[in-house]
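The exercises below are to be worked with the sequence and the 3D structure at hand. Each task is followed by a solution in steps.

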Amino acid sequence: MSKVLLIGESWFTYTVHQKGFDAFHTAEYTEGGGPFIDALTARGHDVTYVPAHEVPTRVPTAVDPLRAYDLVVISDIGANSFQLPPETFRRSVPSPDRTEVIRGYVAAGGALLMVGGYLTFSGIDGKARWGRTPLAAALAVDVLDRDDRVELPYGAEPEVVAAAHPVVAGLDRVWPVVLGLNEVRAKASSTVLVECAGHPLLVVDGYGDGRTAAFTSDVAPHWASPAFMAWSGYAELWDRLTRWLTGQAV
């Protein structure tokens with residue numbers, strides 16, 4: 001059993017309803033990490049969830065408290081949320097760079113998984129900015145300095161390319177379709193386990209005394225299709241990856 005810190009996978013939506021002469025607004029808050037959390041907890045892992053807007057108050061600002069977790073997962077949330085807390089952005093008060101804190105945590109033996117989405121890696125319009133942070137050194141992939149989305153609306157099947165690796169050994173060779181991913185480059189030191197549409201989908205590596213992985217599509221909609229979510233290997237994949245990253249038997 002691992003203690004997992006999941007950060008991100010939440011958003012607010014503001015909608016304008018225009019009805020002839022009149023208009024009104026509605027707002028909605030959504031958390032998208034439920035299937036991923038359920039998959040891990042069903043396998044005995046303990047998941048602490050920090051929605052995107054709670055990063056400034058709940059993500060540690062030093063390595064030691066972060067070591068209470070065996071694995072940190074960053075999913076669909078940009079670097080600004082980690083580098084621009086209110087005291088710095090609003091009041092110009094210096095504060096720790098949480099991207100450097102997480103890098104130091106991995107170097108000291110922690111584990112990191114970055115999951116794709118519109119605001120991970122480089123992201124839509126390049127706004128996620130992870131390649132411009134200290135944490136880039138600890139990622140299993142190199143981040144492109146531009147909008148890195150690869151939209152696959154027709155659905156593309158991921159394919160295992162390193163079948164002997166314990167994370168994917170025995171899983172289906174071809175997985176149900178995903179509808180998009182972030183374009184990245186695997187580092188020379190890393191191992192690509194799964195590809196999709198000619199791009200790395202699941203990549204693993206080591207950094208310092210820790211381990212790191214990148215999954216470049218979503219763990220839930222919209223890029224994760226209903227078929228991918230219903231796949232019998234879905235929970236098995238995340239359980240195996242968590243165990244490998246944290247140095248447990250797979």
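**Exercise 1. Strand β6 and its partners**

Strands β5 and β6 run parallel and are joined by four bridges. The model is a predicted one. Task: find which residue stands opposite Leu113 of β6 in the pairing with β5, which residue is the bridge partner of Leu113 in β14, and whether β6 is enclosed or open.

Solution.
1. On the β5 side, Val73 stands opposite Leu113.
2. β6 also pairs with β14, in the parallel sense, over five bridges. There the bridge partner of Leu113 is Ala213.
3. Ala111, Leu113 and Val115 point one way from the strand, while Leu112 and Met114 point the other way.
4. Five of the five residues of β6 are buried, so the strand is largely enclosed by the rest of the structure.

**Exercise 2. The sheet as a whole**

Task: give the strand order of the open sheet, and state which strands stand at the edges.

Solution.
1. The sheet has eight strands, in the order β4-β1-β5-β6-β14-β13-β12-β9, with mixed pairing.
2. The edges are β4 (46–50) and β9 (159–160); each has a single partner strand, so one side of each is left without a neighbour in the sheet.
3. Helix α1 (residues 34–42) packs on the sheet and touches β1, β4, β5 and β6. The direction of α1 makes about 160° with that of β4.
4. Helix α8 packs on the sheet too, touching β1, β5, β6, β13 and β14, and its direction makes about 150° with that of β14.
5. For an antiparallel pair, take β12 (residues 191–196) and β13 (residues 199–207), which are joined by five bridges. Thr191 stands opposite Val204 in β13.

**Exercise 3. Helix α8**

Task: check the length of helix α8 against its number of residues, and decide whether the helix is mostly covered or uncovered.

Solution.
1. α8 covers residues 234–245, twelve in number; at 1.5 Å a residue it should span 16 Å. Its end C-alpha atoms are 17 Å apart, which agrees.
2. Ten of the twelve residues of α8 are buried, among them Tyr234, Leu237, Trp238 and Leu241.
3. Trp244 lies in this helix. Its relative accessible area is 12%, under the 20% cut-off, so Trp244 counts as buried.
4. Beyond its neighbours within four places in sequence, Trp244 is in contact with residues including His165, Val204, Arg211 and Val250.
5. Ala111 is 133 residues from Trp244 along the chain, yet their C-alpha atoms are separated by 9.4 Å.
6. After the helix comes Gly247, with a positive phi near 75°.

**Exercise 4. The nonpolar cores**

Task: name the residues that touch the most other members of the largest nonpolar core.

Solution.
1. This core has 44 residues, and those with the most contacts to other members are Leu113, Trp175 and Trp238.
2. α8 gives the most to this core, with seven residues.
3. Apart from this core lies another, of 33 residues, including Phe82 and Leu112.

**Exercise 5. Thr120**

Task: state where Thr120 is found, and whether it is buried or exposed.

Solution.
1. Thr120 is in the loop between β6 (111–115) and β7 (141–143).
2. Its relative accessibility is 0%, so Thr120 counts as buried.
3. The side chain of Thr120 reaches the backbone nitrogen of Asp76 at 2.8 Å.
4. Leaving out residues up to four places away in sequence, Thr120 touches Ile74, Met114, Trp130 and Asn182, among others.

How values were computed: Residues numbered from 1 in each chain as written. Predicted model: local features only at pLDDT ≥ 70, side-chain atom pairs only at ≥ 80, totals over all residues. Heavy atoms only, no water. Helix = DSSP H or I, 4+ residues; strand = E, 2+ residues; numbered from the N terminus. Expected span 1.5 Å × (residues − 1). Buried < 20%, exposed > 50% of the residue type's maximum accessible area, 1.4 Å probe, protein only. Core = buried A, V, L, I, M, F, W, Y, C linked by side-chain atoms within 4.5 Å. Polar contact = N/O pair within 3.5 Å; in protein donor to acceptor, adjacent residues only side chain to side chain. Contact = heavy atoms within 4.5 Å. Pairing = 2+ DSSP bridges. Axes fitted to C-alpha atoms, helices over the stretch in contact; angles between N-to-C directions.
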